[in-house]
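These are my notebook entries on one protein chain. I set out to look up strand pairing, salt bridges, disulfides and a surface patch.

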Amino acid sequence: MIRLCIFLCYASTATNGFVPTGLHEFGSSAADALFGGSFSNTMQSSTTHKELTRKAMATVARQLLRSRNLLRQSFDSDDPNEIVRTAFGSSSSASDFVNAIETVATANADVDGDESANTAAHFDAENILAGNRRLLALFSAAVRHAVAEQYDDARTSIGQLLHGLQDFYSHSNWIEMGHRSPNADLVKPNRQPTNIASSTTPTCTNCYSFLPRLECRDNLVTDTLLTTGYYSNQDKEKPSAETLRGGGSSGRGKCSHGGVLDFSALRQANGGINKDSTSAVFSPHHYLHEVAIAVATEATVDLLEDFWRRIGDQRFQRFIGLDNGASVSFVFDSRSKMSAEGVARRRGMAETLIDLMSFDNRGYRSRNRRSFDEKPVQRRSVDPGNSVMAISGLIMALKNAKKGSSVYVLTENSAKDFSRYSEAMALIAMKKVKVFFLVGNSSMVQSRKESMDAYSVYHRLASVSGGQVLSEDTASVEDILRLTMNFFAESDVTLLHYESIIPTGVSGSNVPVIIDELVTDLTVSLSGKNTSFILIDPNGKFVFLNDSEKMVNNSTSIVHISKPDRGTWTITVTAVEPYSLLVKGMSILSFDYSLVEPKYNASHPGMFPVLGRPRIGDSIVVRLSVVGLNKSEGQVNTISILAENGTLIHNCSAALFERKTDSIDYISNESVVIPAEPFHVAISGQYKGQTFTRTSPTLVMPLTYKIAISAESQLSVKQGQKSELSFSVETLRKDKFTITVEDDLDISSSLIPTTLSLAADELQTVKLRFSVPSCYNRTGFDSVTVTVKSQTTNELSSFIVRLFIDSEYIDYDPPVCIVNAVSSETCDRVSGNCNSVWTAALKIIDTGSGLETIDSTETIDFSMRNSNTFADVSITVSCCNESVNVSATDASGNTAVCSVSRESRPVTDCGRITCLNGGICRGESTCVCLRGYYGDDCGQEGCPMPSLPSGGHVSEMSNFHVGSTVEVSCEENHEMMGENSLTCCSFGWAGSTPMCIDSSSSSSGAHAIEKSTILCFAVVLASMAKYLAAE
């Protein structure tokens, strides 16, 4: 019983919306001991955020595939493997689909840990308007990221949004008010929830007197006003009942969230209203859990459908992982002899599979096919010599690459920016991207120094990612692509990856490889000077290949075999120097993993991923997500820790982690101690009675110190505000550290301190502070990379923080199209001649978030200016076509379809008015104003009068110049909900309009004394009564 009290005391700061995923994965046996055997039953009968999200995404995926006539209407499975195999064929892998689902589901679940104190993130503490404003901001960010084809960020935005949306139905009284469908005012532009209880209105009555009743019924005192429960240790404290209208009479007060993890549940009005689980221990309104789940699921599906409509079919298909997208990126030295783009196109690779980056000795550029032009992403100082910014180009490719894809870097020169090695390592670990360096100098293949320099950085990054350094020249680069291009698909799996460090003179290593029936193609790649290998099939026969199936030069050998025989193959390697051996296959069976550790003293108890590189000697648990293996077909039996050279370090059994959905999760049955050397995670098991093996391509690099983010860190910040993230550094031995930070966007960041001096086993906290400008207008995620370097060992560990920036500006206005000229005289002379053309000139304008894409079925040319505000577009159209449509989308996903015909009349003047301050005429007496101006003729500078809530007014009525702030106030007997200030920015008003609530109604009832006590004592009494009753 004492143990139960202690557990609940440290867990009491956790926020839960439906059953917390971290607690769900904590371990049923330990939790059963704490909760008297009820925990496992609660977990099995309750639905988590992850489960709800997976089911909703499967539902929308089926709708998408039915719209493409790829699934029949009667198909209703939620199993990602079955969905993909039915739609695309039995040999298709569901890995991209599962990755997309899990990215959204994990981002959803992580809100409980990352934003546990943020009431707006959970719709707690009646912070309903701020909660809805957060949902709108996240939706806007998701659209912006999807339009920019940054799908991982879009998935993270949607995942966080869904957490709050789902929490609304569990944490509010919406269900108790009798609603059985979603709230139509949530996540809707220019709408917000109404009939919200004021801050002085009692909403609940006491649920119990001295000894707590775990279940609460009929404890709500309103069925017309919307409310949500307060939760202890959040950013809004539950008000005292004495401060409410009626002075806390009749045991009334504000509602609590409730349950054994909520201290506020003992304050008047005691009890709670949450519906997170089916257990009264956690949820006073547990009897409405299934109803809340049904409505939350419907709301989740509706939201995903809205997002689909907003970004269109193609982008949504990529977002949900049912389209190949960019599966391979080329990063090439613009001074090298071989153009990666030219090679890729000559090899017949689909353009949709290619992202292109280039670099030289000055900087790196993005030449993504979706950009308007080739524009520098970043410039560095010019150094003489042959060194290039290869790692910077690689980092840009990694940020844009999809999870599990491949990046090929082509260069003949060393990397002068090798100091960014740790940043690239962190991205590789996060994205699980395989990096291959195709180098024009064979001596570069041999650079395997322990310390980083301009050459060895290529080898270390390649080996850590599961790739290789391959020697190429103008001829062999095409052979390399010819032999490996089949593996740009989603079903690329690693069967074996060895980095062999052997003494000179040793040769003839025999390496066994198991090929199961799910492996359809096989590629063996050996990299190393003066190396070679022989393949022996499962029947003991030597394999002889023709020239089309192999590529051999003085330091690289690659062979490709279609439909290899099942069984154990043998690779006999002959080498006298270090070599790299990579064996890949095509298969629908793959896996992903994470290293997790229990956090017993965290604000949100459970299993959490290890941050950055793991520390030597720490005990961790391996968590697996297996794709392509149904429970009826087989199982994973063993999780193995393999050294870099392939030798076994540790084996442990794998346990199936049961859950409601059909995807298969496993967890190691025992803790794994982090070894002192780099290692791979591998799995083995049975598929239809046959053995299979898979190896994770990413190499884990342990070190001597540990990094952990504190639970109090804020991972979201609004424009004009500051945020602080705290993390700790703990070392095994006396050491000094330097700390640096880099971020993607234009925000201010600082570290306190930037250096540490630690004794053995000492821990010290570092604060990372952010400041966002007042008129920042890019809502979305910023990647902040923190690097910690040991001054003793030069070990580097980087971790990436995803900081959500809410600019409080949401652009709902589509671009504007203006026809400047039409020339169709040629068509008039040669009627019916399809070889002749007519032309048109357009101006497309977006003064909000800026233009992102312009497209048409006809030939178009366009140039951007003024930060993508304007585009001058010229169109060439066949005389056989009377009209043409040009589609323009801005960065916020707003799309305008500009229809131009041969009869279109160009805009020549604005009639009675003249557009001022750079404004552009769009028709008679109408101007399009530049940012910072408004009015019919754009003659007024600043912002127009802001829209005000009913019963509201502003502090001043004119002179809203850019940079000024106005205060919004409410009339007498009205209470303000939301923030009371708005800032005039060049793009318009920043900030969300508050609401004025009529607070003139009264409340009556007899006075009741509020009883406060210690939560753990009350829970001990309740639990003791339970045990005594059971005995």
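I began with strand pairing, for which I took two strands as paired if DSSP finds at least two bridges between them. I note at the outset that the model is predicted.

**Entry 1. Strand β23 and its partners**

I looked up strand β23, which covers residues 664-668. Which strands pair with β23 in the antiparallel sense? Strand β20, residues 619-627, pairs with β23 in that sense over 4 bridges. Strand β22, residues 648-657, also runs antiparallel to β23 and is joined to it by 4 bridges.

I then recorded residues that face each other across these pairings. On the β20 side, V626 stands opposite I664 of β23. On the β22 side, L656 stands opposite Y666 of β23.

Next I checked how far β23 is covered. The strand is mostly covered, with 5 of its 5 residues buried. I asked which way the side chains of β23 point. I664, Y666 and S668 point one way, D665 and I667 point the other way, and all are buried. I also looked up C652 and found it buried, with a relative accessible area of 3%.

**Entry 2. Salt bridges**

I counted salt bridges, and the total came to 34. As background, side chains of opposite charge can pair when their charged atoms come close. I followed several of the pairs individually.

The first pair I took was R54 with E102, whose closest N and O atoms are 2.8 Å apart. This pair links distant parts of the chain, with R54 in helix α5 (residues 49-67) and E102 in helix α7 (residues 95-114), 48 residues apart. Are these two residues buried or exposed? Both R54 and E102 are buried.

Helix α5 came up again with the salt bridge of D78 and R62, where the closest N and O atoms are 2.6 Å apart. D78 lies in the loop between α5 and α6 (80-88) and R62 lies in helix α5, so the pair ties together parts that are 16 residues apart in sequence. I asked why R62 counts as buried. R62 counts as buried because its relative accessibility is 9%, and the cut-off for buried is under 20%. D78 has a relative accessible area of 23% and is therefore partly exposed.

I then looked up D592 and K432, whose side chains meet in a salt bridge at 2.6 Å, N to O. D592 is in strand β18 (residues 590-599) and K432 is in the loop between α15 (421-431) and β8 (434-439), so that distant parts of the chain, 160 residues apart, are linked. K432 counts as buried at 14% relative accessibility.

I also noted a network of salt bridges, which links E597, R615, D618, K706 and E730.

**Entry 3. Disulfides**

How many disulfides does the structure hold? I found 11, and I recorded three of them as follows.

C817 and C898 form a disulfide with their sulfur atoms 1.6 Å apart. C817 lies in strand β36 (residues 816-823) and C898 in strand β42 (residues 895-901), so the pair ties together parts that are 81 residues apart in sequence. C817 is partly exposed, with a relative accessible area of 28%, whereas C898 counts as buried at 4% relative accessibility.

C827 and C879 form a disulfide with their sulfur atoms 1.9 Å apart. The pair links distant parts of the chain, 52 residues apart: C827 is in helix α18 (residues 825-829) and C879 is in the loop between β40 (870-878) and β41 (883-890). The link of C827 and C879 is left-handed, with -80° about the S-S bond. C827 and C879 are both buried.

C929 is joined to C938 by a disulfide, S to S 2.2 Å. Why is this disulfide of C929 and C938 left-handed? The torsion about its S-S bond is about -90°, and the disulfide is therefore left-handed. C929 counts as buried at 15% relative accessibility, and C938 is buried with a relative accessible area of 1%.

**Entry 4. A nonpolar surface patch**

Finally, I turned to the surface. I534, F542 and F544 make a nonpolar surface patch of about 380 Å². I located F544 in the loop between β13 (532-536) and β14 (550-552). F544 is exposed, with a relative accessible area of 75%.

Note on methods
Residues are numbered from 1 along each chain as its sequence is written. This is a predicted model: local features need pLDDT of at least 70, side-chain atom pairs count only at pLDDT 80 or more; totals for chains, interfaces and linings use all residues. Side-chain values use heavy atoms; hydrogens and water are left out. Patches are made of residues with over 30% relative accessible area and no salt bridge: like charges are joined within 9 Å, nonpolar side chains (Val, Leu, Ile, Met, Phe, Trp, Tyr) within 5 Å. Accessible areas come from the Shrake-Rupley method with a 1.4 Å probe; for residues, only the protein chains shown count as cover. A salt bridge is a side-chain nitrogen of Lys or Arg within 4 Å of a carboxyl oxygen of Asp or Glu. Helices (H or I, at least four residues) and strands (E, at least two) are DSSP runs, numbered from the N terminus. Buried means under 20% relative accessible area, exposed over 50%, partly exposed in between (1.4 Å probe, protein chains only). A disulfide is a pair of cysteine sulfur atoms within 2.5 Å.
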